[in-house]
Amino acid sequence: MYKFVLLFFLAAALSYTSIAQQNAEAFIKTVEPTQENNKVSAAKQFIIGSTCKDCTLSVNGVGIKVYPTGAFAYEVGLVEGDTTFNLIANGSSGKIVSKKISYKVKFPEKEMPVTTDSIAWIQSLPAGNLLLRTGDIIQFKVKALPAGKVSVFDTPLYELPTTSTAGMPGIYQGNYIIKPSDNFNKKNAIVSLRSLGGNNVTATSKYNFTVMNDTSSDIAVTTGRLAYLEYGLGDDRLGGAKIGYLDSMVQLKIIGKVDKNYKIQLAKNRTAYIPQDLVTLMAKGTFVAASLTGSWRVSGDSAFDYVSIGLSSRLPYQSFQQVNPSKIVVDIFGATNNTNWITQLQSAKEILAVDYEQVADDIFRVYISLKNKQHWGHQVYYRGNNLIIKIKQQPKNLSLRNITIAVDAGHGGSNMGAMGPTGVLEKNLTLAVALKLQKSLEAEGAKVIMSRSTETNVENKDRILKYRDSMPDLLVSVHLNSAGDPIRAGGTSTLYRYIGFQPLSAFINKRMLELGLKEYGNIGSFNFALNSPTEYPNALVETLFISNPEEEMQVLDETFQQKMADKILLGIKDFLVAVAKN
């Protein structure tokens, strides 16, 4: 026994010594920049990375802070030309390592006027290869030699005054309207310049233009379970701003195309866009779908209420939430009122009343007033040609033991998310916090559905469909934020998309701030996939900034991970208590 204990302590001592040596063994690893030689165009840059936990670190002889995790972040200001930084790490073992990082800086050249008989650039809006109809407008903007005559498709463009071009002469703009005689088929625009000296030069636009003809199919139907409409062509890292999802086999009128996005005529004065891979084209001759509305039926079962509206075709629609008082509003495009009665059964428990309005000749608006203040979710789909609006009833028992909660660990597998200064990946930290949240929720008696419980890749569309089929009462998606500035950017935030789901994220955000974290906000209208479902209240929690060395240090601490999970849990409980009081 004594021998065993001695061996145990000897092994422990050797292990401790090994760890201590590892902590003291000097190294330098940078996650930004990743290369020794870098070409940049901005003066402000950051050197971000890690060294041994016991190391001291200097950059060009200036000591910089090393966090207990070994992380560091250093801001540098560059001048044009070549600059080299020498990083030196000194470990307690006496080993010294160095690393050089060099920048070649060339600032963007100041834009100058065109001084020769030439055309510098051509812009067309919408930007992209276009499918057009008679009467459509293409906006052109051209930079060329000032005081010349510029035209496109033989239509003159006009030089703007320098007061509207930040002092830059030679900026021309104008519109080209597609004429009935135009038969463009992937034709690029030819822009002509005639200078004051009488010289003529031409240039060709980047994008091409095609005009729809009598043989072009102009009707499409949606395919799959996640077809969606977008308001316009704006884009960011999360995609364009979405109007909402559509059921399959919904008929859409095509009036144009920009690159891979069809332009859709929803109503006389309402258009939208849909990616081409979400629709199938119908044969030429298919007519535009329209419908009179028929009778309604309002009913319910043990968990949901239903509004069923008779139509003769699957028309496109849009739904949105209103609060104070709580309502669900659904616009049906191409529908005209012919409803003569609405049957409402006592089995409907969440719906207070239904009403409608013909807000335009081709837009029929449905109003559904709710009994409860809190929105618990709704879904719009077709059963045959009957439009169904399915509304989640407020749970009778608002204790956690009666609630099913979806917990989404952001990223996973090849979708790594952001990276911290020490090289830790967002996907691993979100899983760690999500698993702790799952355990805490289950300890309170809640049923938990996980998007992933292991280090694996799950596509966002598969997460959405999984939760659509399993219908949780709430969803919380766990993420970490990141920014280009690792020193100043930081804090915790929650995000929601629909106004009716705002209370859930607000309660979680308030609890997270109790951890002493900086406030980054409760952010609405967030265009993220896991915030897009209308079927259940959902919130995305950006726990901390993984890019910030101090906050990365916090989230690497398993004790702090548990504290965050506990605060999310308390936020959920606060939400349920507040709803019960309403």
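Strand S11 (residues 137-144) and strand S14 (residues 171-177) pair in the antiparallel sense, with seven bridges between them. In this predicted model, Val-142 has Tyr-172 of S14 as its bridge partner. S11 is also joined to strand S9 (residues 119-125), again in the antiparallel sense, by six bridges. The protein as a whole has six helices and 40 strands.

**Overall dimensions and surface**

- The C-alpha trace of the protein spans about 95 × 85 × 40 Å along its principal axes.
- The protein has 582 residues, and 51% of them are buried.
- About 27,700 Å² of the protein is exposed, and carbon and sulfur atoms supply 52% of that area.
- Among contacts with a separation of 6 or more, 69% are between residues 24 or more positions apart.
- There are 61 positive and 51 negative side chains, and the centres of the two sets lie 2 Å apart.

**Strands S9 and S11, and the loops that follow them**

- Ile-119 of S9 stands opposite Ala-144 in S11.
- In a regular strand, side chains alternate between the two faces of the sheet.
- Pro-126 lies in the loop between S9 and strand S10 (130-132).
- The peptide bond that leads from Leu-125 to Pro-126 is cis, with omega near 0°.
- The loop between S11 and strand S12 (149-152) holds Ala-147.
- Ala-147 has a phi near 65°, which is a positive value in a residue other than glycine.
- With a relative accessible area of 40%, Ala-147 is partly exposed, because partly exposed covers the range between under 20% and over 50%.

**A five-stranded open sheet**

- Five strands form an open sheet in the order S30-S25-S26-S34-S33, and their pairing is mixed.
- Strand S30 (342-344) and strand S33 (378-383) stand at the edges; each has a single partner strand, so one side of each is left without a neighbour in the sheet.
- Neighbouring strands of this sheet are turned by 15° against each other on average, with direction ignored.
- Within the sheet, strand S26 (residues 304-310) and strand S34 (residues 386-392) pair in the antiparallel sense over seven bridges.
- Gly-310 has Asn-386 in S34 as its bridge partner.

**Helix H3 and what covers it**

- Helix H3 covers residues 460-470, and its buried residues include Arg-463, Ile-464, Leu-465, Tyr-467 and Arg-468.
- The cover over the buried residues of H3 includes S33, one of the strands named in the open sheet.
- Other strands included in this cover are strand S19 (242-246), strand S35 (404-409), strand S36 (447-450) and strand S37 (474-481).
- Just after H3 comes Met-471, which takes a positive phi of about 50°.

**The loop that holds Val-79**

- Where does Val-79 have its place? Val-79 is in the loop between strand S6 (71-77) and strand S7 (81-90).
- Is Val-79 buried or exposed? Val-79 counts as exposed because its relative accessibility is 58%, and the cut-off for exposed is over 50%.
- Leaving aside neighbours within four places in sequence, Val-79 is in contact with Val-105 and Phe-107.
- Val-79 and Lys-106 are 27 residues apart along the chain, and their C-alpha atoms are separated by 8.5 Å.

**Two further loop residues**

- Pro-33 is found in the loop between strand S1 (28-32) and strand S2 (37-40).
- The peptide bond from Glu-32 to Pro-33 is cis, with omega near -5°.
- Asn-324 lies in the loop between strand S27 (317-322) and strand S28 (327-333).
- The phi of Asn-324 is near 50°, a positive value in a residue other than glycine.
- Asn-324 counts as exposed because its relative accessibility is 61%.

Note on methods:
Residues are numbered from 1 along each chain as its sequence is written. This is a predicted model: local features need pLDDT of at least 70, side-chain atom pairs count only at pLDDT 80 or more; totals for chains, interfaces and linings use all residues. Side-chain values use heavy atoms; hydrogens and water are left out. Helices (H or I, at least four residues) and strands (E, at least two) are DSSP runs, numbered from the N terminus. Buried means under 20% relative accessible area, exposed over 50%, partly exposed in between (1.4 Å probe, protein chains only). Contact means heavy atoms within 4.5 Å. Accessible areas come from the Shrake-Rupley method with a 1.4 Å probe; for residues, only the protein chains shown count as cover. Lys and Arg count as positive and Asp and Glu as negative; His and the chain ends are not counted. The place of a charge is taken as NZ of Lys, CZ of Arg, CG of Asp or CD of Glu. Two strands pair if DSSP finds at least two bridges between them. Axes are lines fitted to C-alpha atoms, for helices over the stretch in contact, and angles run from 0 to 180 degrees between N-to-C directions.
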